[in-house]
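Please walk me through this structure in a few paragraphs, starting with the annotated part of the chain and then turning to how the chains are arranged and how they meet.

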2 protein chains.
Amino acid sequence: MLESVIRRNADNTERIMKNAMGYVVSNNAIGTIAISSYDNTVSVGIMKLICGVLVAAARSAVRDLDSTNDLCFLRVVTRKSEYLVAPEGEFTIVVIQ
Amino acid sequence: MLESVIRRNADNTERIMKNAMGYVVSNNAIGTIAISSYDNTVSVGIMKLICGVLVAAARSAVRDLDSTNDLCFLRVVTRKSEYLVAPEGEFTIVVIQ
């Protein structure tokens with residue numbers, strides 16, 4: 001299922017990747033890396049810390065403030081780069097630029 | 001000290017506030033609301049959940065991935081609004097738009 005989504009979006013991915021440093025797509029259901037431009041160590045770090053811990057903290061903060069609201073997107077600006085985080089149901093897409 | 005910073009930036013605050021729904025400035029050192037456009041209940045909720053829990057989770061994720069890096073800014077896009085979060089040393093500024 002994911003492979004066909006990725007193949008269908010290959011052009012978009014390439015366009016996004018022109019300005020990006022890298023990307024990670026994590027499968028939240030089974031806690032694995034679906035696809036990544038990084039090596040395994042960096043990918044697993046981003047999956048656990050960004051897709052896991054940070055998205056969960058952001059989603060619960062948003063819902064605690066308003067139980068009818070929900071998290072759509074997260075942009076984490078750091079000194080060295082930016083993490084663009086899109087939690088999309090089964091998958092979380094992270095682009096680093 | 002903060003009062004003079006806020007007075008000095010009154011024009012900027014007004015300009016930012018034209019498109020915003022509200023803002024909260026929290027004093028991280030003593031865990032209080034420095035200034036807010038919301039009532040106390042909402043302000044304390046935003047201070048605890050956004051300035052406290054979420055900023056800490058984001059900062060530690062960024063540092064765990066690269067100990068020489070640091071969090072500069074956080075944008076939390078939700079279905080109903082956006083939280084623009086600027087952790088500035090002693091104070092954290094949150095604008096909701």
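## From the annotated segment to the interface

In chain A, residues 52-96 are covered by the annotation "domain: Roadblock/LAMTOR2", which comes from an unreviewed UniProt entry. The model discussed here is a predicted one, and in it the chain over residues 52-96 of chain A is 31% helix and 47% strand, with end C-alpha atoms that are 16 Å apart.

The arrangement of the two chains can be described next. Two copies of a chain are related by a rotation about an axis and a shift along it. Here, chain B is superposed on chain A by a rotation of 180° with 0.0 Å of shift along the axis, at an RMSD of 0.0 Å, and this is the relation of a two-fold axis. Within chain B, the C-alpha nearest that axis belongs to R75(B), at 2.5 Å from it.

The contact between the copies follows the same theme, because 100% of the interface residues of chain B are also interface residues in chain A, so that the copies meet through the same surface. On chain B, 27 residues are in contact with 27 residues of chain A. The size of an interface is often given as the accessible area lost when the parts come together. For chain B and chain A the area buried between them is about 2,300 Å², with 66% of it on carbon and sulfur atoms. Of the area that chain B buries against chain A, L49(B), L65(B) and R79(B) supply 22%, more than any other three residues.

Polar and charged pairs also cross this interface. Between chain B and chain A there are 19 residue pairs in polar contact, counting pairs with both residues at pLDDT 80 or more. Two elements of chain B, α3 (40-65) and β3 (71-78), give two or more residues to the side that touches chain A, and α3(B) gives the most, with eleven residues. Sorted by class, this side of chain B has 16 nonpolar, five polar and six charged residues.

Side chains of opposite charge can pair when their charged atoms come close. Across the interface of chain B and chain A there are two salt bridges, and the side chains of D66(B) and K80(A) meet in a salt bridge at 2.8 Å, N to O. Over all chains the count comes to eight salt bridges. Within chain A, the side chains of D70(A) and R59(A) meet in a salt bridge at 3.5 Å, N to O. Because D70(A) lies in the loop between α3 (40-65) and β3 (71-78) of chain A, whereas R59(A) lies in helix α3 of chain A, this pair ties together parts that are eleven residues apart in sequence.

Methods:
Residues numbered from 1 in each chain as written. Chains lettered and ligands numbered in written order. Predicted model: local features only at pLDDT ≥ 70, side-chain atom pairs only at ≥ 80, totals over all residues. Heavy atoms only, no water. Least-squares fit on C-alpha atoms with pLDDT ≥ 70 in both. Contact = heavy atoms within 4.5 Å. UniProt positions renumbered as here; feature names shortened; annotations may be inferred. Helix = DSSP H or I, 4+ residues; strand = E, 2+ residues; numbered from the N terminus. Buried area = accessible area lost by both parts, 1.4 Å probe. Salt bridge = Lys/Arg side-chain N within 4 Å of Asp/Glu carboxyl O. Polar contact = N/O pair within 3.5 Å; in protein donor to acceptor, adjacent residues only side chain to side chain. Nonpolar A, V, L, I, M, F, W, Y, C, P; charged D, E, K, R; others polar.
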